[in-house]
Amino acid sequence: MPLRSGGSIPAQTPGPGGPVPGPARSIGLLDGLGALARRAVRETLLVLPSAPVEPRLRARLELLGAELVDRGVRVRAVGPENLDDPACGGSADRMAALGVELLAVNQPPLWMAVADRDAAIVPTDPLAEQSGWVFLRGVAPVAACRLLFEQLWEQGRELKPSDGSGDDSGPDRREREVLRLLAEGLTDEAIAARTGLSVRTNRRTIADLMARLGARSRFQAGAEAARRTWV
């Protein structure tokens, strides 16, 4: 059930009586995001917009991410592959440094934020370039938002560091976590529960890692990963 609607992400979105003045462009959305973050206890999910956003809104998103992580709330975010373009202000590196788990997809279909299974903020019109937002509560609408996020998360890939220091031959953060949990002897189902990924996605990840390690068994993969200091 929608409880509240208001401002918009694009800087040039016109309001009901004409263009929204600069200082007021994102104030309503900032309030909405703050209210959503206060509800989060276990996890917050974010789908970041493809288009560049106002610096004020971008900074607030980063600050909210830091506040949530400090409270022990897991924060997962999906963003566009161009998130490290200069127009985006290097958000990917900063969010990762703050403890936000961030993956990239080719083109996110919409922006949104979800707090646990309780509430969400979504665009009033996902197909419009300039759209307001609506605050949702209720099992069905929030579950639909979570389902979409999980589908995007499974498609996502880790963003490489913007300075180009990433080692393409080694595992990324998500793969290292899978290797670590595998070395601890966890089952596929337990690894899926810990990583937030589906069992199928984890099995694909393990199969890919085994192929890259030249291993024919998981035990051999663990030994080879340790030899290469991947875990």
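**A tour of the predicted model, beginning after helix 8**

Thr229 is found in the segment that follows helix 8. Select this residue first; the structure on display is a predicted model. Its phi is near 55 degrees, a positive value in a residue other than glycine. Thr229 counts as exposed because its relative accessible area is 58%, and the cut-off for that class is over 50%.

**The whole chain**

Next, show the protein chain as a cartoon. Eight helices and 10 strands make up its secondary structure. Colouring by burial will mark 45% of the 231 residues as buried. If contacts with a separation of 6 or more are drawn, 69% of them join residues 24 or more positions apart.

**Helix 7 and its neighbours**

Select residues 199–213, which form helix 7. This helix of 15 residues reaches 21 Å from its first C-alpha to its last, close to the 21 Å expected at 1.5 Å a residue. Now display the side chains of Thr201, Asn202, Thr205, Ile206, Leu209, Met210 and Leu213, the buried residues of helix 7. In an α-helix, residues three or four places apart point the same way, because there are 3.6 residues a turn.

Which helices do the buried residues of helix 7 pack against? Add helix 4 (139–155), helix 5 (173–183), helix 6 (188–195) and helix 8 (218–227) to the view, for these are their partners. Just past the end of helix 7, select Gly214, which follows the helix and has a positive phi, near 70 degrees.

Return to helix 7 and centre on Ile206, which lies within it. Is Ile206 buried or exposed? Ile206 counts as buried, since its relative accessibility is 4% and the limit is under 20%. Leaving aside residues up to four places away in sequence, Ile206 touches Val178, Leu182, Asp188, Ile191 and Arg218. A distance drawn from the C-alpha of Ile206 to that of Glu175 will read 8.1 Å, although the two residues are 31 residues apart along the chain.

**The second largest pocket**

Select Glu43, Arg76, Arg117, Val139, Val142, Ala143, Arg146 and Glu150, which line the second largest pocket. The space in this pocket is about 160 Å³. Helix 4 gives the most to the lining, with five residues. Coloured by residue class, the lining shows three nonpolar and five charged residues, with no polar ones.

**The nonpolar cores**

Move now to the largest nonpolar core, which has 25 residues. Within this core, select Leu33, Leu36, Leu46 and Ile121, the residues that touch the most other members. At least two core residues come from each of helix 1 (27–39), helix 2 (55–70), strand 5 (74–80), helix 3 (91–98), strand 7 (112–115), strand 8 (119–123) and strand 9 (132–137). To follow one member in detail, centre on Leu33: not counting residues up to four places away in sequence, Leu33 touches Leu57, Leu61, Leu64, Ala113 and Ile121. Apart from the largest core lies another, of 17 residues, with Val78, Val105, Val134 and Leu136 among them.

**Last stop: Asp116**

Finally, select Asp116 in the loop between strand 7 and strand 8. Phi of Asp116 is near 50 degrees, again a positive value in a residue other than glycine. Asp116 counts as buried because its relative accessible area is 14%, and the limit is under 20%.

Definitions and conventions: Residues are numbered from 1 along each chain as its sequence is written. This is a predicted model: local features need pLDDT of at least 70, side-chain atom pairs count only at pLDDT 80 or more; totals for chains, interfaces and linings use all residues. Side-chain values use heavy atoms; hydrogens and water are left out. Helices (H or I, at least four residues) and strands (E, at least two) are DSSP runs, numbered from the N terminus. The expected span of a helix is 1.5 Å times one less than its number of residues. Buried means under 20% relative accessible area, exposed over 50%, partly exposed in between (1.4 Å probe, protein chains only). Contact means heavy atoms within 4.5 Å. On a 1 Å grid over the protein atoms alone, a cavity is a set of points where a 1.4 Å probe fits but cannot get out, and a pocket is an open set with protein on both sides within 12 Å along at least five of seven lines; lining residues have an atom within 4 Å of a point. Grid points are joined across faces, edges and corners, and a volume is the space filled by probe spheres set on the points. Ala, Val, Leu, Ile, Met, Phe, Trp, Tyr, Cys and Pro count as nonpolar, Asp, Glu, Lys and Arg as charged, and the others, Gly among them, as polar. A nonpolar core is a set of buried Ala, Val, Leu, Ile, Met, Phe, Trp, Tyr and Cys residues joined through side-chain atoms within 4.5 Å.
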